[in-house]
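Please read this briefing alongside the sequence and the structure. It is meant for a reader who has not seen them before.

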Amino acid sequence: MTTQPFNIGGLSRQTGVNIETIRYYEKIGMLPPPARSQGGFRQYEDHHIQRLRFIRRGRDLGFSIDSIRALLTLAEQPGSPCEGADQMVALHLDEVERKIADLTMLRDELRKMKNCCGQVVAECRIIASLVAPRE
């Protein structure tokens with residue numbers, strides 16, 4: 001672990017989170033404000049790295065800001081039951097599975113449309129499929 005405070009650029013490098021995003025997370029209260037140097041520069045510590053990695057991983061997994069806030073609240077209560085986290089993941093998984101089903105249908109429809117083979121628009125399967133009723 002780091003023993004010396006570091007600046008926002010260091011936090012960005014260690015977490016892979018853009019500097020503007022770090023400022024945004026501070027602004028909305030997801031990342032606690034760091035101490036400031038005498039010159040007014042932000043001075044981050046290890047706990048900022050851990051929290052920002054948590055947020056980033058949650059965002060990478062597609063969780064909303066509100067969901068991540070709730071998960072952070074749970075994480076701050078290590079002795080509490082984790083059923084709330086399980087429920088959040090189950091709901092998110094259901095949503096991801098719905099999106100996958102929608103994307104699968106979209107992919108299948110686009111596969112039917114591609115490779116028109118017509119020489120003119122009047123013979124174009126792509127144009128025809130866009131006006132045809134849905135199956």
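The points below cover the core, two helices, the salt bridges and a surface patch.

The model is predicted. Its largest nonpolar core has 18 residues, and a search of the whole structure finds seven salt bridges. A nonpolar patch of about 420 Å² lies on the surface.

**The nonpolar core**

- Within the largest nonpolar core, the residues that touch the most other members are Leu11, Ile22, Tyr25, Met30, Leu31, Tyr44 and Leu52.
- Two or more residues of this core come from each of helix H1 (8-15), helix H2 (19-27), helix H3 (46-60) and helix H4 (65-75).
- The most is given by H4, which supplies four residues.
- In soluble globular proteins, nonpolar side chains tend to be buried together.
- Beyond its neighbours within four places in sequence, Leu31 is in contact with Leu11, Ile22, Tyr25, Glu26, Tyr44, His48, Arg51 and Leu52.

**Helix H3**

- H3 is made of 15 residues, and the distance from its first C-alpha to its last is 21 Å, close to the 21 Å expected at 1.5 Å a residue.
- Its buried residues are Asp46, His48, Ile49, Arg51, Leu52, Ile55 and Gly58.
- These buried residues pack against H1, H2 and H4.
- Of the buried residues, His48, Arg51 and Leu52 are also among the contacts of Leu31.
- Gly62, just after H3, has a positive phi of about 90°.

**Helix H5**

- H5 has 31 residues and spans 45 Å from its first C-alpha to its last, close to the 45 Å expected at 1.5 Å a residue.
- Met88, His92 and Met113 are the buried residues of H5.
- The cover over these buried residues includes H4 and H6.
- Asn115 comes just after H5 and takes a positive phi of about 60°.

**Salt bridges**

- Arg23 and Glu20 form a salt bridge in which the closest N and O atoms are 2.6 Å apart.
- Arg23 and Glu20 are about one helical turn apart because they are three residues apart in helix H2.
- Arg23 has a relative accessible area of 32%, so this residue is partly exposed.
- Glu20 counts as exposed because its relative accessibility is 51%, where the cut-off for exposed is over 50%.
- Glu95 and Arg98 also meet through their side chains in a salt bridge, at 2.7 Å from N to O.
- Both Glu95 and Arg98 lie in helix H5, three residues apart, which is about one turn of the helix.
- Glu95 is partly exposed at a relative accessible area of 31%, and Arg98 counts as partly exposed at 46%.
- A salt bridge joins the side chains of Asp108 and Arg107, at 3.2 Å from N to O.
- Asp108 has a relative accessible area of 31% and is partly exposed, while Arg107 counts as partly exposed at 38%.

**The nonpolar surface patch**

- Val121, Ile127, Leu130 and Val131 make up the nonpolar surface patch of about 420 Å².
- One of these residues, Val121, sits in the loop between helix H5 (83-113) and helix H6 (125-131).
- Val121 counts as exposed because its relative accessibility is 60%.

Conventions:
Residues are numbered from 1 along each chain as its sequence is written. This is a predicted model: local features need pLDDT of at least 70, side-chain atom pairs count only at pLDDT 80 or more; totals for chains, interfaces and linings use all residues. Side-chain values use heavy atoms; hydrogens and water are left out. Patches are made of residues with over 30% relative accessible area and no salt bridge: like charges are joined within 9 Å, nonpolar side chains (Val, Leu, Ile, Met, Phe, Trp, Tyr) within 5 Å. Accessible areas come from the Shrake-Rupley method with a 1.4 Å probe; for residues, only the protein chains shown count as cover. A salt bridge is a side-chain nitrogen of Lys or Arg within 4 Å of a carboxyl oxygen of Asp or Glu. Buried means under 20% relative accessible area, exposed over 50%, partly exposed in between (1.4 Å probe, protein chains only). A nonpolar core is a set of buried Ala, Val, Leu, Ile, Met, Phe, Trp, Tyr and Cys residues joined through side-chain atoms within 4.5 Å. Contact means heavy atoms within 4.5 Å. The expected span of a helix is 1.5 Å times one less than its number of residues.
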